[in-house]
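Got a few minutes for some pocket-and-loop practice? Have a look at the model below, then work through the exercises.

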Amino acid sequence: MSGDVLNHAFRLASRPVGLPTRDNWQFTEQPVGEPGDGEALVRVLDISLDPAMRGWMNDARSYIPPVAIGEVMRAFAVGRVIGSRHPDLKVGDHVSGLLGVQEYAVVDRRGLNKLDPALAPLPVYLNALGMPGMTAYFGLFDVGRPEPGQTVVVSGAAGAVGSLVGQLAKLKGARVVGIAGGPEKCRYLLDDLDFDAAIDYKAQDLGRALRTCCPDGIDVYFDNVGGEILNAALARLARHARVVICGAVSQYNAREGISGPANYMSLLVNRASMTGFMVMDYGSRFAEAGQEIAGWLARGEIKTQEDIVTGLDTFPETLLRLFSGEHNGKLILRVAED
Ligand SMILES: NC(=O)c1ccc[n+]([C@@H]2O[C@H](COP(=O)([O-])OP(=O)(O)OC[C@H]3O[C@@H](n4cnc5c(N)ncnc54)[C@H](OP(=O)(O)O)[C@@H]3O)[C@@H](O)[C@H]2O)c1
């Protein structure tokens, strides 16, 4: 590829306190790199914006090293191969991987998955056929283990993971209650995704609503948000309930440490368990889950929703929608058309 082509990228300039601002980013322009042996040059098309990215900006011990100052911001993305020095990848192939918040990425073949755009549109590979799908599938089935007739409550229910958790729980014959912010998201859960009940945590008294919607208690609570919502759900557990700690998006921008659940003694009283869950631990089974999810999608048994915002330059502001809830379903940043 000609050295005249420039790559634009967002690099971490400083570590945010609270919500990230544009000042925490450096927008750089550099010549596109050449792939070495075993590598491919990828044109980035769609970037997945994930709440976890906020954690990767902190200089803290976690399940993955923080993004270094000056490094291109880490992000999952899909793209098209435009140069290859690996026999498995040819120009025109579609791939996903940690391509970063940029226009072009040089990536080792081992960090790329080949995609079939004939099977599903590319954004779906960042949603039900990507990390949110794997997270919902393994978090719900391996950790939550709902049984037919049991009550499953999911927070962040209109988001990427939560909307899939609810639909998969319905497929297993559970009663599903979703917690989301605002009447339109609650309407979506009830009318489009067929949830049994929806609670608007911004407008309703959560404790009272959970009592009404879960008269026999909560058998599985799939937590995406933490904070007060987790605390309210703990107060309503059924005997032998399973609480899946998937994420705590309400706490990711906390300035003074995160607040923990005061109602944890409910675990003791109800002989319940609360388990932290990490989707990467299930990497060897992603293909199995992907096949099953693809079948449900093809038969129209589950739906996905992608909220696509166009323009790499909007990244700092678009990222913030994850924390304000100003997005519907999976938030994606479109960098280029295929
Ligand atoms: N453990 C793992 O391996 C793993 C893997 C992937 C994702 N995750 C976690 O899973 C969770 C969901 O991720 P996602 O990709 O589904 O994100 P998402 O699509 O952005 O959905 C998250 C939802 O959380 C809600 N939310 C945001 N701030 C909130 C607050 N302060 N209080 C209550 N709700 C709030 C938003 O909707 P409202 O408008 O309803 O507020 C949003 O739709 C995140 O915590 C993420 O970190 C974990």
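Here are three short exercises on this predicted model, each with a worked solution.

**Exercise 1.** Work out what surrounds the ligand and how much of the ligand the protein covers.

*Solution.* Start with the shell: 27 residues surround the ligand, and the closest are V161, G181, K185, Y201 and V279. Now sort that shell by class, and you get 16 nonpolar, ten polar and one charged residues. Next, pick out the polar backbone atoms that sit by ligand oxygens. V161 has one at 2.7 Å from a ligand oxygen, G181 offers a backbone N or O atom at 2.7 Å, and for N224 the distance is 2.9 Å. On its own the ligand has 910 Å² of accessible area, and the protein covers 90% of that. Finally, ask which elements give two or more residues to the shell: they are α3 (160-171) and α9 (315-324).

**Exercise 2.** Decide whether N263 is buried, partly exposed or exposed, and find its contacts.

*Solution.* First place N263: it's in the loop between β12 (237-245) and α7 (265-269). Its relative accessible area is 31%. Buried needs under 20% and exposed needs over 50%, so N263 counts as partly exposed. Skip the neighbours within four places in sequence, and N263 touches N231, L234 and A235. As for C214, it is 49 residues from N263 in sequence and 17 Å away in space, C-alpha to C-alpha.

**Exercise 3.** Check how covered helix α2 is, and see what follows it.

*Solution.* Helix α2 spans residues 131-144, and 13 of its 14 residues are buried, so call it mostly covered. Step past the end of α2 and you hit R145, with a positive phi near 45 degrees.

Technical notes:
Residues numbered from 1 in each chain as written. Predicted model: local features only at pLDDT ≥ 70, side-chain atom pairs only at ≥ 80, totals over all residues. Heavy atoms only, no water. Buried < 20%, exposed > 50% of the residue type's maximum accessible area, 1.4 Å probe, protein only. Helix = DSSP H or I, 4+ residues; strand = E, 2+ residues; numbered from the N terminus. Near = heavy atom within 4 Å. Polar contact = N/O pair within 3.5 Å; in protein donor to acceptor, adjacent residues only side chain to side chain. Areas by Shrake-Rupley, 256 points an atom, 1.4 Å probe, with all protein chains shown as cover. Nonpolar A, V, L, I, M, F, W, Y, C, P; charged D, E, K, R; others polar. Contact = heavy atoms within 4.5 Å.
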